[in-house]
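Subject: A structure for you to explore

Hi there,

Here is the structure I promised to pass on to you. Please open it and keep it beside this email while you read, so that you can look up each residue as it comes up.

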Amino acid sequence: MNPARQGECSYSDDLIAEEIPVWYQNNGKVNPEWLSICEEERNQTTALLEQVVSLNNLIKAYKQVRRNGGSAGVDNVSIKDFGEWFGKNYKELQSQILQENYQPQPVRGVQIPKPKGGYRQLGIPTVKDRVVQQGISQVLQPIFDPKFSTHSYGFRPQRNAHQALQEVHKIVQTGKKIIVDLDLEKFFDEVNHQRLMWILSTRIGDKRLLALIRKILKTNIMQNGLEEQRIKGTPQGSPLSPLLSNIVLDELDQELSRRGLDFVRYADDVQIFVSSQMSAERVQKGIINFIENKMKLKVNREKSSIKPSYKMNFLGYSLTMQGNLRLSETSETRLKEKLKKITQRKRGVSFEQILKELKPVLRGWLHYFRLAQMKSKLTAIEGWLRRRLKCFRLKQCKRAIGIVRFLRKLGVEKTLCWRTALSGKGWWRLSNSPALSIGMNNKWFLEQGFYSLTENYKRLFRNPL
């Protein structure tokens, strides 16, 4: 096989199409049929490292890393600088990897705050390491992804959150309205390296590639100027982590399927659907035992729960009593917090700049939440936002005469303009006055370039679930 042919795998198409049976039998032992298929895959994947280092694959990996952007790692080499180095020294990189001399550099640790408190640990590899990891991912993805569970949607090609939500809707419509919500505690930080390497080795026959992945997993993390040894976990921020996380959690998917359970998984967010409280309690106990004892992961019992479907909060959505998708209260709160920051009256920017900043935020948010039934909620959110914008624009007039001149230009009657300007009310109360309702009406907002949630929702919400 020509190693330069990017994305090509050294196993047969027939093997891809063949369905791997569930990993474990009812007695808890590994399924011999599964082991037999894995052995065949190992025999056909003994030269994957050549595919990883092929020039086409590395160029494709670099382009993807460049598209993803991101800052430099501990070596302070930018994406652009690495591109210039790679163009001249790619053979050296290929040689290091093939001769097993390649040594990943420490990962730069960064902590970012979570919306509900606490911090999420990110690991930023150097650009060179990101390119190598992306190259590995491009080779492994076609091997593992076709045989992942159909109920898994996160970090997979041609799969997304909307598809996961649509499946949730369909399951609940069948009458399974009790949800076992499992929270894997610090999943990316808790992945057991030994178990992950075992899973990889069952289907990958190239021991050189396995050794390289082990090196990547064991790479130290640089935090506050100090290096910390990493004995577990696949830090978020690595191009390889999403695929590895799915490989780890596919074991859970297989077990849930073996038990005949309806479930939907998006990354480490797992929702299991049953028809009764008794079933939910039995399933929760059994699956937690499997996750902790077999998979060597931790379950956050405080955050894990059993709840009716209408109390679900999954991927920013919740459900109505009838099982239809709607906007969760948390998602609404987060949107308002973001809009408040943009529309603060003390910001020294123009009204046009505010509208310009709002447009991509509102458009992106609406496209993601377009599956939700939320017409009345959007009307309320938009009304609230318009009032904030009225306050912002009115404050820019500064003095009473400025307010009068502004409102007169909008066609408001002179006496009403003066009555508004001299009322002595605060900005928020003034924003709801008759003069502003007449002058700064919906038509005026659209003329200014305001992105209307309600109008665009009518266009997007064509096929309600």
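**Aromatic pairs**

There are 14 aromatic pairs in total. Before you look at any of them, please keep in mind that this is a predicted model.

A pair of aromatic rings is described by how far apart the centres are and by the angle of the planes. Try Trp365 and Phe369 to begin with: their ring centres are 5.0 Å apart and their planes make an angle of 40 degrees, so the pair counts as tilted, the class between 30 and 60 degrees. Are these two residues buried or exposed? Trp365 is buried, because its relative accessible area of 10% is under the 20% limit. Phe369 is buried as well, at 7% relative accessibility.

Now turn to Phe406 and Trp444, an edge-to-face pair with 6.3 Å from centre to centre and 80 degrees between the planes. This pair links distant parts of the chain, since Phe406 belongs to helix α16 and Trp444 to helix α20, 38 residues apart. Both partners are buried: Phe406 has a relative accessible area of 10%, and Trp444 has one of 9%.

There is also a cluster to find. Ring pairs join Tyr62, Phe82, Trp85, Phe86 and Tyr90.

**Around helices α17 and α20**

Which residues of helix α17, residues 414-421, are buried? They are Leu416, Cys417, Thr420 and Ala421. These buried residues span an arc of only 130 degrees around the axis, which means that they sit on the same side of α17. What do they pack against? Their partners are α16 (400-409), α18 (427-430) and α19 (434-439).

Next, find Gln448 in helix α20, which covers residues 442-448. Gln448 is partly exposed, because its relative accessible area of 30% falls between the limits of 20% and 50%. If you leave out residues up to four places away in sequence, Gln448 touches Phe351 and Leu355. You can also check its spacing to Leu410: the two are 38 residues apart along the chain, and 12 Å separates their C-alpha atoms.

**The second largest pocket**

This pocket has a volume of about 440 Å³. It is lined by 18 residues, and the closest to its centre are Gln64, Asn68, Gln134, Ser238 and Pro239. The elements that contribute two or more residues to the lining are α4 (55-68), α6 (127-144) and α11. Which of them gives the largest share of the lining? That is α6, with five residues. Sorted by class, the lining holds six nonpolar residues, 11 polar ones and one charged residue.

While you are in this part of the model, have a look at Ser241 in helix α11, which spans residues 241-258. Is Ser241 buried or exposed? With a relative accessible area of 3%, Ser241 is buried. Apart from neighbours within four places in sequence, Ser241 is in contact with Phe188, Thr234 and Pro235.

A nice way to start is to display the Phe406 and Trp444 rings and see the edge-to-face arrangement for yourself. After that, you could colour the buried residues of α17 and turn the model until you look along the helix axis, to see them on the same side.

Enjoy exploring, and write back with any questions!

Best wishes

Key: Residues numbered from 1 in each chain as written. Predicted model: local features only at pLDDT ≥ 70, side-chain atom pairs only at ≥ 80, totals over all residues. Heavy atoms only, no water. Buried < 20%, exposed > 50% of the residue type's maximum accessible area, 1.4 Å probe, protein only. Helix = DSSP H or I, 4+ residues; strand = E, 2+ residues; numbered from the N terminus. Arc of directions from axis to C-beta. Contact = heavy atoms within 4.5 Å. 1 Å grid on protein atoms, 1.4 Å probe; cavity = no way out; pocket = protein on both sides within 12 Å on 5 of 7 lines; lining within 4 Å. Points joined across faces, edges and corners; volume = space filled by probe spheres on them. Nonpolar A, V, L, I, M, F, W, Y, C, P; charged D, E, K, R; others polar. Phe/Tyr/Trp six-rings, centres within 6.5 Å; stacked < 30°, edge-to-face > 60°.
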